[in-house]
Amino acid sequence: MQLYNTLSAEERAQLIDEAGQQRLTLSFYAYANIEDPKKFRDDLFLAWNPLGVLGRIYVATEGINAQLSVPADHFYEFKDTIEVYDFMKGIRLNVAVEHDDHSFLKLTIKVRHKIVADGLDDSTFDVTNKGVHLKATEFNAMLEDPNTIVVDFRNHYESEIGHFVGAITPDVDTFRESLPIIEAQLSEHKEDKNLLMYCTGGIRCEKASAFFRHKGFKNVYQLEGGIIEYTRQVKAEGLESKFIGKNFVFDHRLGERITDDIISQCHQCGKPCDNHTNCANEGCHLLFIQCDDCKAAMENCCSSECQDITHMTLVEQVQLRRGVKNGNMIFKKGKSDALKFKKAETSAEQPLAVAVAEKPKSIRQRIAVKKVLIGKGEHYYPKAQVGQFTIENGELNLGDAILIVGPTTGEQKVTVAKMQVNGAASEKAVKGDKVTFALPFRIRLSDKLFKITE
C-alpha cells in the first residue's frame with residue numbers, strides 16, 4: 001500500500017500545470033489527544049493523496065499542524081476528510097492571501113514529538129489556560145492602548161520583512177529561544193501592561209500565551225488566527241492594516257504581500273528589498289534577502305565562493321559536500337559574514353563552511369562567454385520537446401543566444417529562433433513572462449537561463 005510520494009518535485013509541477021486546476025494554499029492546527037499518531041498519519045495520507053493534496057504536515061500525540069495545497073475542485077471533499085474527527089469539526093482554515101499552484105510539490109506527513117518545537121514541559125503548567133483571543137478590530141484597538149506591549153513570536157527572518165508597527169521582534173532563530181528572552185525583558189510588567197502577542201497562523205501563540213499566564217502575566221492576549229486571519233478580516237471589513245510589509249510563509253512562495261511597504265533591505269547591497277531566496281549552492285542553501293540585481297550578478301548565491309561551487313559539475317559538488325553536516329545548527333537562516341547588510345548579529349557558525357574546501361582555480365573560466373542570468377527552468381514537455389522558463393530579470397528576444405545551465409543538464413548553448421510568450425507567439429519576453437521554445441534536450445527545475453551578451 002503506497003504511503004509515500006513516488007513523484008519528484010519536477011514531475012509533480014508538470015502534472016499540476018497539465019491539470020490546469022486552481023489550487024488553494026491553506027493552513028490549520030488543532031491541539032487534541034491523539035493516541036496513535038502513526039495510524040492517524042497513515043489515515044490522513046490515504047485520504048488526501050487521491051485528492052491531490054500536497055503539503056507539510058506534522059502530527060503528534062498533542063495534535064496536528066498542517067500547511068498544504070488543495071485543488072479548489074476538491075476543497076469540500078478535503079474538508080469532509082478532516083471533519084470525520086471530532087476535534088477538527090468546524091476548524092478554521094487559514095486561506096493564503098496570495099495563491100501559487102506550486103506552493104507545495106509533495107505530500108509530507110511526519111510524526112513528531114510535538115507539533116511545534118517549543119522546548120516546554122507541558123506537564124508543568126496548564127496548556128489550556130490560554131490568553132484571550134482577539135479579532136482584527138479588537139487587536140487594532142488594543143495596539144492603540146499605551147499600556148500595551150506587542151510581541152512578535154516569530155523568528156528574525158520572518159519579522160524582518162514584515163511586522164506590526166511598534167512590535168518587539170526578538171533576534172531569534174527558533175520559537176523556543178524567544179520564550180525566556182521575552183519573559184526576562186518583560187518581567188517588571190507582569191501586572192501593569194497588556195501582553196499582546198501574534199505569529200503567522202496562531203499556533204505558536206496558543207502555547208506561548210499559556211506559558212506566560214503560568215509565569216504570572218495577568219493580561220495576556222493573542223491575535224486569533226495570526227497574521228493570515230488578521231489580513232483576511234482587514235480586507236473583508238475595510239480596516240486599516242497595522243501589519244506592514246510581507247508575511248513570511250513556509251512554502252515555495254516564502255512570503256505573501258500584505259502592504260506595499262518594504263521595510264527590509266537586500267543583504268548583499270542594501271537596496272530596499274523583501275524577497276527571500278535560498279543560496280543556489282546546495283551545500284549552503286542559506287535563506288537570505290536578495291534583490292533582482294544581486295540575484296542576476298550572484299546567480300542566486302550568497303557569496304562568490306558559493307557562486308564558484310555552482311559552476312562545478314554535480315559530481316564535484318557532491319564530493320565537496322561529503323562529510324559536511326548542513327543543518328540549521330550550521331547554516332543559520334540569513335546570518336553569515338558574507339551578508340553585509342543583515343541587521344542581526346552574525347552567527348559564530350559560518351554558512352560558508354563547505355566553501356573553504358579546496359577547489360579548482362579555473363572554475364570561472366569554464367564558461368568563457370559573458371552572460372547575464374535572466375530566468376529559471378520551469379518545465380519540459382517531452383512529447384513536444386519544448387522547454388518552459390520564467391523570465392526573472394531583463395528580457396529575451398528572438399535571435400538571442402542563450403545558455404542553459406544545470407547540474408544534470410550541463411551547459412547547453414542555443415539560439416532562440418521561435419518562441420511563445422504567455423501562450424502566444426511573440427518576439428520579446430520580459431520580467432514575469434512565461435516563455436516556451438523548442439529544445440532537443442530536457443531541462444529541469446534547477447536549471448538557470450542566461451542570455452549571452454557577447
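Accessible area here comes from the Shrake-Rupley method with a 1.4 Å probe. By that yardstick, the chain in this predicted model exposes about 21,000 Å², and carbon and sulfur atoms supply 49% of that surface. Buried residues make up 52% of the chain's 454 residues. Let's take a tour, starting with the overall picture and then stopping at a few residues.

**The overall picture**

- The secondary structure comes to eleven helices and 24 strands.
- How much of the contact count comes from residues 24 or more positions apart? Looking at contacts with a separation of 6 or more, such residues account for 69%.

**Two nonpolar cores**

- The largest nonpolar core has 25 residues. Those with the most contacts inside this core are Phe28, Trp48, Ile57, Ile64, Leu68 and Phe78.
- Which elements supply at least two residues each to this core? They are strand 1 (23-31), helix 2, strand 2 (54-60), strand 3 (63-71), helix 3 (75-82) and strand 5.
- Another core lies apart from that one and has 24 residues. Among them are Tyr29, Ala60, Val116 and Ala210.
- Back in the largest core, Phe28 is a good residue to click on. Leaving aside neighbours within four places in sequence, Phe28 is in contact with Trp48, Ile64, Asn65, Ala66, Leu68, Phe78, Ile82, Met88, Ile91, Arg92 and Leu93.

**Aromatic rings that pair up**

- A pair of aromatic rings is described by how far apart the centres are and by the angle of the planes.
- The structure holds 22 aromatic pairs. One of them joins Phe125 and Phe211 edge-to-face, at 6.2 Å centre to centre with 80° between the planes.
- That pair links distant parts of the chain, 86 residues apart. Phe125 is in the loop between strand 5 (107-111) and strand 6 (132-134), while Phe211 is in helix 7 (residues 203-214). Both Phe125 and Phe211 are buried.
- Phe153 and Phe175 also form an edge-to-face pair, with 6.4 Å from centre to centre and 75° between the planes.
- Why does this second pair tie together separate parts of the chain? Phe153 lies in the loop between strand 7 (148-152) and helix 5 (156-159), and Phe175 lies in helix 6 (residues 175-185), so the pair brings together parts that are 22 residues apart in sequence.
- Are Phe153 and Phe175 buried or exposed? Phe153 has a relative accessible area of 0%, so it counts as buried, the cut-off being under 20%. Phe175 is buried too, at 5% relative accessibility.
- Ring pairs link Phe125, Phe153, Phe175, Phe211, Phe212 and Phe217 into a cluster.

**Charges sitting over rings**

- Arg112 lies over the face of Tyr58, 4.2 Å from the ring centre.
- Lys371 does likewise with Phe450, lying over its face at 5.0 Å from the ring centre.

**Buried polar and charged residues**

- Arg41 has its place in helix 2 (residues 37-48). Its relative accessible area is 13%, so Arg41 counts as buried.
- Arg41 and Ile64 are 23 residues apart along the chain, and their C-alpha atoms are separated by 9.6 Å.
- Gln222 sits in strand 10 (residues 220-223) and is buried, with a relative accessible area of 1%.
- What does the side chain of Gln222 make a polar contact with? Its partner is the side chain of Glu206, at 2.7 Å.
- Not counting residues up to four places away in sequence, Gln222 touches Lys130, Gly131, Val132, His133, Leu134, Met197, Gly202, Cys205, Glu206 and Ser209.
- Ser303 is in the loop between helix 9 (292-298) and helix 10 (304-310), and at 5% relative accessibility it counts as buried. The side chain of Ser303 reaches the backbone nitrogen of Cys306 at 3.1 Å.

**Backbone angles to look up**

- Most residues other than glycine have a negative phi.
- Leu254 is not a glycine, yet has a positive phi of about 65°. You'll find Leu254 in the loop between strand 11 (243-247) and strand 12 (256-257), and at 18% relative accessibility it counts as buried.
- Asn300 is not a glycine either, and its phi is positive at about 70°. Asn300 has its place in the loop between helix 9 and helix 10, and it is buried at 14% relative accessibility.

Note on methods
Residues are numbered from 1 along each chain as its sequence is written. Side-chain values use heavy atoms; hydrogens and water are left out. Helices (H or I, at least four residues) and strands (E, at least two) are DSSP runs, numbered from the N terminus. Buried means under 20% relative accessible area, exposed over 50%, partly exposed in between (1.4 Å probe, protein chains only). Rings of Phe, Tyr and Trp (its six-membered ring) pair if their centres lie within 6.5 Å; planes under 30 degrees apart count as stacked, over 60 as edge-to-face and the rest as tilted. A charge sits over a ring if NZ of Lys or CZ of Arg is within 6 Å of the ring centre and within 35 degrees of the ring normal. A nonpolar core is a set of buried Ala, Val, Leu, Ile, Met, Phe, Trp, Tyr and Cys residues joined through side-chain atoms within 4.5 Å. Contact means heavy atoms within 4.5 Å. A polar contact is a pair of N or O atoms within 3.5 Å; within protein, one must be able to donate a hydrogen and the other to accept it, and residues adjacent in sequence count only if both atoms are side-chain atoms.
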